[in-house]
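Me: I'd like to go through this one with you and check how each label is earned. Here is what we're looking at.

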Amino acid sequence: MPDPTESGRPAADLIHAAGPADAAWWRHAVIYQIYPRSWADADGDGIGDLPGVTARLDYLKALGVDAVWFSPFYKSPQADAGYDVADYRDIDGLFGTLADADAMVARAHELGLKVIVDLVPNHTSDEHEWFQAALAAGPGSPERDRYIFRDGKGPDGDLPPNDWHSVFGGDGWTRVTEADGSPGQWYLHLFDTKQPDLNWDNPEIGDEFESILRFWLDRGIDGFRVDVAHGLIKEKGLPDYDVELHILDGELKPGAPMPPMWDQDAVHDVYRRWHSVLAGYGEPDRILVAEAWVRPQERAVRYVRPDEMHQAFNFDFLKAQWTAAELREVITSSLEAADSVGAPSTWVLSNHDVVRHASRLGLPVGERQPNGISATDPQPDRALGLRRARAATTLMLALPGGAYLYQGEELGLPDSTDMPGEFRQDPTFLRTKGKEIGRDGCRVPIPWQKDAPSLGFGPTEATWLPQPAVYGDYAVDQQDGVEGSTLELYRTLLRCRRERDLGTGGLRAAEGFGDDVVALVNTGQGVPTLVVANLGSEPVALPEGATVVVASGDLTDDGLVPTDTTVWASF
Ligand code: NOJ
């Protein structure tokens, strides 16, 4: 129903009620994801590091984000780019030292930026001392009970204990050789062979992770992004499930039951315990963010009930096709689901596991979104992708709740789509023998300066993945201060989002627009913003008297909003 207090202006059905202006920081924060290998390299070895990050934190302050989330920087053999942790209490030499981490956190805090670190509780590295001890100790030992070891099937035990697949392709089990050289038990790894799953039914694991949380909280960390948060507990008896698993999607078809390795009720006990550990640190809130690939949304929001995590990634928004109907539906249902448990919704378009949205949105609408793009695949339309990416971000940053940005999206960076196979390092590419291209294309080192070695990523030419030729044109120094650049668009969006209180605002559908338009009013804290995203083929008029605050692209000469453009307006 239209709201009579809004004097007939285009605000209608309430989708989400405004929160208080002084809501906790994480209810409206914009959080920037740093993928440490690829952001800034201080020592010139071609891999980003913490001193490189510290030196460039001012850039993030100027961008206008509230917090930084770091993909793992712990000691690791890097079989899955650090998501295979060998020591949760130390920094990998590639990235620096604990002292470097402390210096980075101190500098971030000086600048008023919160710091969130990645926590990987589902699996360790096979080089973790616990797994090495498990191998040495043999079947039936307490050391083996920290992981999921089972005898194999068949007369010689040479068949895996069940038919589960690895998310990265191939079997979910690997057989070990026992200390006496005989073929031995099998261990479960839902990801790479080098990432054995922990046995969360063993209380020792819970105690160890509480201690790891405290280790980082005591160093001043503001929160944790929890990797594979839905995977820690497996269904009792490990029942067969012969369905391929994929990162962020695959089996999670709407309406399908959750597979036996995901979303078991007992995971919630873990997060209740962690919640109280964090709460013990007092104000301002330290937070837990769930990476949980769970459907439907009603089940996903169970991770953010008041005594569990604070936020969960909203992958439905990331996976929505570029149609107004789908975006409207996802926005409405996400807010409804989050509101049902009193949590903020979150919004994200890119991360280190998906094709960057500037490339993804340059592919035909309606098709399955690829896991990586290679030179022999259909290539995205780069200009169209960028145009839509800018429009998508302008829509996203107008939505109430928390928002996540992935490094380089503020430059409009496309994926590397022509990387030769020999450079690829994602275990998905290796385990599927190239059938799945994998995630290296979105992980390429960031271009800072067009005419510098490694495009300013570090002091030398070295980069752990090759930078595509076009990246120079996207470099920070090519966009800084340049009107209309994607970098300046992000800066303006973040400033206006803050000034107009869009993160804590309420949301209404706006009336008077066609089906191909996502038209919303964010009420802010009393000063409303009209948001119009035009996904149709014809330009769209703003209501009379509306004044454009920011637009993702140029308007037509007569002031209309063209196709694939989003506008914020005051009215
Ligand atoms: C999700 C992370 O985002 C991804 O990069 C990683 O490969 C898997 N979890 C396994 O840890």
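Me: Which residue is the bridge partner of arginine 150 in β9?

Reply: That's tryptophan 186. Keep in mind that this is a predicted model.

Me: What makes β7 and β9 a pair?

Reply: Two strands pair if there are at least two bridges between them. β7 is joined to β9 (residues 183-188) by 2 bridges, so they pass that cut-off. The two strands run antiparallel.

Me: Why are β7 and β8 said to stand at the edges?

Reply: The open sheet has 3 strands in the order β7-β9-β8, with antiparallel pairing. β7 (149-150) and β8 (173-177) each have a single partner strand, so one side of each has no neighbour in the sheet.

Me: How do you know that aspartate 353 makes a polar contact with the ligand?

Reply: The cut-off is 3.5 Å between N or O atoms. A polar side-chain atom of aspartate 353 is 2.5 Å from a ligand oxygen, so that counts as a contact. Arginine 225 has a side-chain N or O atom 2.9 Å from an oxygen of the ligand, and for histidine 123 a polar side-chain atom is 3.0 Å from a ligand oxygen, so these two count as well.

Me: How much of the ligand's accessible area does the protein cover?

Reply: 100% of the 300 Å² that the ligand has on its own. The space the ligand takes is the second largest cavity.

Me: What kinds of residues make up the shell around the ligand?

Reply: By class, 7 charged, 4 nonpolar and 2 polar. Asp counts as charged, so Asp353, one of those that come nearest, belongs to the charged class.

Conventions: Residues numbered from 1 in each chain as written. Predicted model: local features only at pLDDT ≥ 70, side-chain atom pairs only at ≥ 80, totals over all residues. Heavy atoms only, no water. Near = heavy atom within 4 Å. Polar contact = N/O pair within 3.5 Å; in protein donor to acceptor, adjacent residues only side chain to side chain. Areas by Shrake-Rupley, 256 points an atom, 1.4 Å probe, with all protein chains shown as cover. 1 Å grid on protein atoms, 1.4 Å probe; cavity = no way out; pocket = protein on both sides within 12 Å on 5 of 7 lines; lining within 4 Å. Sits in = over half its atoms within 2 Å of the grid points. Helix = DSSP H or I, 4+ residues; strand = E, 2+ residues; numbered from the N terminus.
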